[in-house]
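Hi there,

Here is the structure I promised to send over. Have a look at it first, and then read on for my notes.

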Amino acid sequence: GLGLTNTKDGNFGEWYSEVVTNGEMIEYYEISGCYILRPWTMAIWEIMQNFFDPEIKKMNIKTCYFPLFVSNNVLQKEKDHIEGFAPEVAWVTRSGDSDLEVPIAIRPTSETVMYPYYSKWIRGHRDLPLKLNQWCNVVRWEFSNPTPFIRSREFLWQEGHTAFATKEEADTEVLEILELYRRLYEEYLAVPVVKGKKSELEKFAGGLYTTSVEAFIPNTGRGVQGATSHCLGQNFAKMFEINFEDEKGEKTMVWQNSWAYSTRTIGVMVMVHGDDKGLVLPPKVSAVQVIVIHVPYKDADVKEIINACSATVKTLCDLGIRAEADLRENYSPGWKYSHWEMKGVPLRIEIGPKDLANNQVRAVRRDNGEKVDIPMADLVDKVKGMLDNIQQSMFDVAKQKRDACIQVTRTWDEFVEALGQKKLILAPWCDEEEVEKEVKAKTKGEIGAAKTLCSPFDQPELPEGTLCFASGKPAKKWTYWGRSY
Ligand SMILES: O=C1CCCN[C@@H]1CCCn1cnc2ccccc2c1=O
């Protein structure tokens with residue numbers, strides 16, 4: 001039948017898999033960890049891209065495209081950080097029935113692909129800043145349980161790679177990009193995120209520091225890294241000899257950033273907003289914002305009703321609202337209601353003989369099921385208002401739910417208890433890596449260990465004498481902890 005066989009609270013993993021499939025976002029593919037992204041997904045991806053790309057273009061970041069393939073020696077160049085990732089690198093070893101002389105890697109990320117050419121292109125300070133971004137796929141042959149959008153062996157992302165003459169310029173851009181990521185989540189996906197800095201242990205090992213937007217899934221009590229913006233310092237400049245002659249003729253290494261968001265964003269949105277009837281899409285990112293359905297009645301003039309539906313769609317489309325009509329004869333209104341609810345369309349408009357007679361339509365909100373009768377004359381204003389209200393309300397509800405999961409803990413016992421209650425933990429920490437490793441070791445279990453998610457830029461008051469929840473040493477910063485994806 002049309003309905004889901006799993007509930008969100010009953011079996012989250014199965015529920016999620018059903019929702020992305022029945023919502024026609026994903027089709028499972030014959031190769032494990034790979035998924036088919038159907039139009040319902042790509043429409044969301046494109047809407048996000050149509051926000052993000054113009055924003056980075058305003059920052060004079062240009063689009064490029066580098067090859068998918070990475071030579072072995074250049075990949076090994078950044079040995080210190082690559083070793084941790086080596087098992088995830090996919091290799092091409094043959095073409096046709098003959099082996100390749102030297103295996104070629106498929107890009108898991110493009111630092112090593114791009115930076116030899118950054119070295120070639122950057123000579124003088126007039127070549128700076130060099131700011132490029134590419135929209136592409138990357139491959140990471142992970143073995144931990146694959147999850148559509150959240151953890152897949154191939155995914156789509158944008159990766160920005162920028163080089164500056166000074167650290168100040170790099171530091172500034174890191175935060176400008178992070179703000180765009182916050183806007184993507186909070187203004188488009190209606191998902192609340194925390195901006196913060198990763199710990200030394202959790203940061204990108206090849207960089208200087210990592211900032212991120214962190215989301216949280218109340219149902220599983222897991223944090224999820226939403227997007228990252230790294231300052232690489234001069235580490236890669238040193239490795240790849242990317243330097244320039246400054247005004248004084250001194251040879252200086254560039255300061256670099258790299259930053260990305262991926263199709264993981266879409267999975268986070270599904271997990272946060274979905275319910276037991278399927279997807280619930282924020283209007284801003286839904287391919288169809290309003291679906292108009294005719295309700296035929298035994299001897300009523302169905303043609304007149306259908307005409308009213310088509311006219312309603314046209315009126316809404318003419319004002320920039322993404323509206324469609326489902327006038328299929330061979331499906332009942334009830335079937336259509338379930339179908340479009342499963343796909344998460346934010347607003348349904350029903351038009352039957354009674355509505356026609358009263359010169360009104362019946363609007364039904366997907367997020368909270370509220371039904372409203374709207375006079376035809378007020379249609380556009382009311383619908384625009386409802387869509388804006390749905391967008392804001394979805395964010396507010398998600399934020400309220402996320403905030404309800406936040407638990408401040410000051411002792412180890414409180415921490416362990418909160419972890420068991422699937423909380424997003426905010427705790428004072430001494431900022432010592434050994435302590436972080438110990439927390440990981442002590443909380444290790446079937447469902448994963450607790451880790452630091454980020455230290456929020458927006459730090460609560462840390463009174464003198466506050467002690468670290470884990471070590472009892474003087475606390476240095478408030479940090480979010482939790483299990484994660
Ligand atoms: O996050 C970003 C933002 C975009 C550009 N890359 C950085 C850092 C990527 C870190 N990373 C992540 N998985 C990997 C997997 C295999 C090899 C290398 C890597 C690797 O370097």
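Let me begin with the sheet. Five strands make up an open sheet with mixed pairing, and their order is E16-E15-E17-E18-E19. Strand E16 (323-326) and strand E19 (371-375) are the edge strands; each has a single partner strand, so one side of each has no neighbour in the sheet. On average, neighbouring strands of this sheet are turned by 25° against each other, direction ignored. Please keep in mind throughout that this is a predicted model.

Two of the strand pairs are worth a visit. At one edge, strand E15 (residues 290-294) pairs with E16 in the parallel sense, over four bridges. If you want a landmark there, Ile291 stands opposite Glu324 in E16. At the other edge, strand E18 (residues 360-365) and E19 pair in the antiparallel sense, over five bridges. Here Gln360 is found opposite Pro375 in E19. E18 and E19 form a hairpin, with five residues between them. In its turn, Gly369 has a positive phi of about 75°.

Just ahead of E15 there is a residue you may like to click on. Gln289 sits in the loop between H8 and E15. Is Gln289 buried or exposed? The cut-off for buried is under 20% relative accessible area, and Gln289 has 10% relative accessibility, so this residue counts as buried. Leaving aside residues up to four places away in sequence, Gln289 touches Pro283, Gly320, Ile321, Arg322, Val345, Pro346, Leu347 and Leu387.

Now for the helices, starting with one that belongs with the sheet. H9 lies across E15, E16 and strand E17 (347-351), and runs at about 170° to E15. Helix H9 (residues 302-318) also packs with helix H12 (residues 379-405), at an angle of about 65° and with the axes 10 Å apart. Which residues make this contact? From H9 they are Thr312, Thr315 and Leu316, and from H12 they are Leu379, Val380 and Val383. By class, the residues of the contact of H9 with H12 are four nonpolar, two polar and no charged. The crossing of H9 past H12 is right-handed.

A second helix pair is also worth a look. Helix H2 (residues 39-58) packs with helix H6 (residues 167-188) at an angle of about 155°, and their axes are 11 Å apart. Because of that angle, H2 is roughly antiparallel to H6. H2 passes H6 in a right-handed crossing. On the H2 side, the residues that meet H6 are Ile47, Met48, Phe51, Phe52, Glu55 and Ile56. Their counterparts in H6 are Ile177, Leu180, Tyr181, Arg183, Leu184 and Tyr188. The contact of H2 with H6 has ten nonpolar, no polar and two charged residues.

Last, a few words on helix H1 (residues 12-22). Its buried residues are Phe12, Trp15, Tyr16, Ser17, Glu18, Val19 and Val20. What covers the buried residues of H1 includes strand E1 (26-28), strand E10 (209-217) and helix H8 (264-273). H8 is the helix we met above, on the other side of the loop that holds Gln289. Just after H1, Glu24 takes a positive phi of about 60°.

Happy browsing, and all the best!

Note on methods
Residues numbered from 1 in each chain as written. Predicted model: local features only at pLDDT ≥ 70, side-chain atom pairs only at ≥ 80, totals over all residues. Heavy atoms only, no water. Axes fitted to C-alpha atoms, helices over the stretch in contact; angles between N-to-C directions. Parallel < 35°, antiparallel > 145°, perpendicular 65-115°, else oblique. Left-handed = near helix turned anticlockwise from the far one by under 90°. Contact = heavy atoms within 4.5 Å. Nonpolar A, V, L, I, M, F, W, Y, C, P; charged D, E, K, R; others polar. Buried < 20%, exposed > 50% of the residue type's maximum accessible area, 1.4 Å probe, protein only. Pairing = 2+ DSSP bridges.
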